Amino acid sequence: MHHELADVIEFDDELATLVADMVATMYAAEGVGLAANQVGVDLKVFVFDCPDADQQRITGVVCNPVLRLPNGADRQLDVADEGCLSLPGAFTECGRPDHSWVTGFDHLGEPVAFEGTGLLARCLQHETDHLFGTVFGDRVPEKARKKLYKLHKQVADEYQDDWPVGEEVD
Ligand code: ZN
């Protein structure tokens with residue numbers, strides 16, 4: 001989970017199948033986002049279905065994302081509990097800018113752009129991080145990180161080894 005994934009170059013049927021599988025896995029695991037390395041694929045692509053600050057559900061597919069965050073006076077940190085499908089059962093507070101923008105391409109190679117507020121601001125940052133080899137535990141203080149991994153360990157037995165991949169998708 002700690003290396004940068006490869007750029008998507010071919011927007012082909014194989015990519016479309018991967019994206020469909022990822023969406024199914026995300027819903028089965030009740031996540032709001034999923035990155036390709038979480039299902040063992042080395043490609044810069046993530047999917048999401050996440051509410052924004054207006055409780056509007058925004059869904060999307062982003063390949064080769066470029067993330068933009070607010071600067072200077074516009075930069076406000078939102079500190080809230082964060083979790084990850086690759087670390088089921090464990091949550092910890094993580095401060096992140098409360099606004100984010102992502103541009104990239106969908107699975108057909110068409111340009112896409114999303115503006116994130118509320119939970120979506122966090123989700124777009126979390127998923128883009130995955131594709132560049134950062135997990136959210138890397139972004140919290142060491143003490144919180146230790147607690148996070150301990151929490152996960154306590155419940156890890158409840159999840160199969162390849163979670164969230166092996167979750168029933170029907
Ligand atoms: Zn995650």
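Helices here are DSSP runs of H or I with at least four residues and strands are runs of E with at least two, numbered from the N terminus. With that in hand, Gly133 is easy to place: this residue comes just after helix 2 and takes a positive phi of about 90 degrees. The model is a predicted one, in which local features need pLDDT of at least 70 and side-chain atom pairs pLDDT 80 or more, while totals for chains, interfaces and linings use all residues. Residues are numbered from 1 along each chain as its sequence is written, and side-chain values use heavy atoms, without hydrogens and water.

## Helix 2 and the zinc ion

Let us start with the metal. Which residues coordinate the zinc ion? Cys84 does so through SG, and His126 and His130 do so through NE2, at 2.0 to 2.2 Å. (Donors are N, O and S atoms within 2.8 Å of the metal, or 3.2 Å for Na, K and Ca; water is not among the atoms, so sites may look incomplete.) Along the sequence, the spacing of these donor residues reads C-x41-H-x3-H.

The two histidines share an element: both His126 and His130 belong to helix 2, residues 118-131. They are four residues apart, about one turn of the helix.

Is helix 2 enclosed or open? It is largely enclosed by the rest of the structure, because 12 of its 14 residues are buried. (Buried means under 20% relative accessible area, exposed over 50%, partly exposed in between, with a 1.4 Å probe and protein chains only.) The buried residues of helix 2 include the metal donors His126 and His130, and also charged-type names such as Arg122, Glu127 and Asp129. His126 counts as buried because its relative accessible area is 6%, and for His130 the value is 0%.

## Strands 1 to 3

Next come the strands, which are said to pair if DSSP finds at least two bridges between them. Strand 2, residues 45-51, pairs with strand 1 and with strand 3. On one side, strand 1 (residues 33-35) and strand 2 are antiparallel and share three bridges, with Leu34 bridged to Val47 of strand 2. On the other, strand 2 and strand 3 (residues 57-68) also run antiparallel, joined by seven bridges. One of the bridge partners here is Val62 in strand 3, which is matched with Phe46.

Strand 2 is mostly covered, as six of its seven residues are buried. Strand 3 holds Val61, which is buried because its relative accessible area is 13%. Val61 also takes part in a long-range contact: 46 residues separate it from His107 in sequence, yet their C-alpha atoms are 6.8 Å apart in space.

## Aromatic rings

How many aromatic pairs does a search of the whole structure find? The search finds four. One of them is Phe46 with Phe48, a tilted pair with 6.0 Å between the centres and 45 degrees between the planes. (Rings of Phe, Tyr and Trp, the last by its six-membered ring, pair if their centres lie within 6.5 Å; planes under 30 degrees apart are stacked, over 60 edge-to-face, the rest tilted.) Ring pairs also bring in Phe114, so that Phe46, Phe48 and Phe114 form a cluster. Phe46 is buried at 0% relative accessible area, and Phe48 is buried at 2%.

## Loops and backbone

Two residues other than glycine have a notable phi. Glu30 has a positive phi near 60 degrees and is found in the loop between helix 1 (13-28) and strand 1. Gln55 likewise has a positive phi near 60 degrees. Gln55 belongs to the hairpin of strand 2 and strand 3, which has five residues between the strands.

Their accessibility is set beside that of Val61 here.

| Residue | Relative accessible area | Class |
|---|---|---|
| Glu30 | 74% | exposed |
| Gln55 | 62% | exposed |
| Val61 | 13% | buried |

Which peptide bond is cis? The bond from Trp163 to Pro164 is, with omega near 0 degrees. Pro164 lies in the segment that follows helix 3 (142-155).
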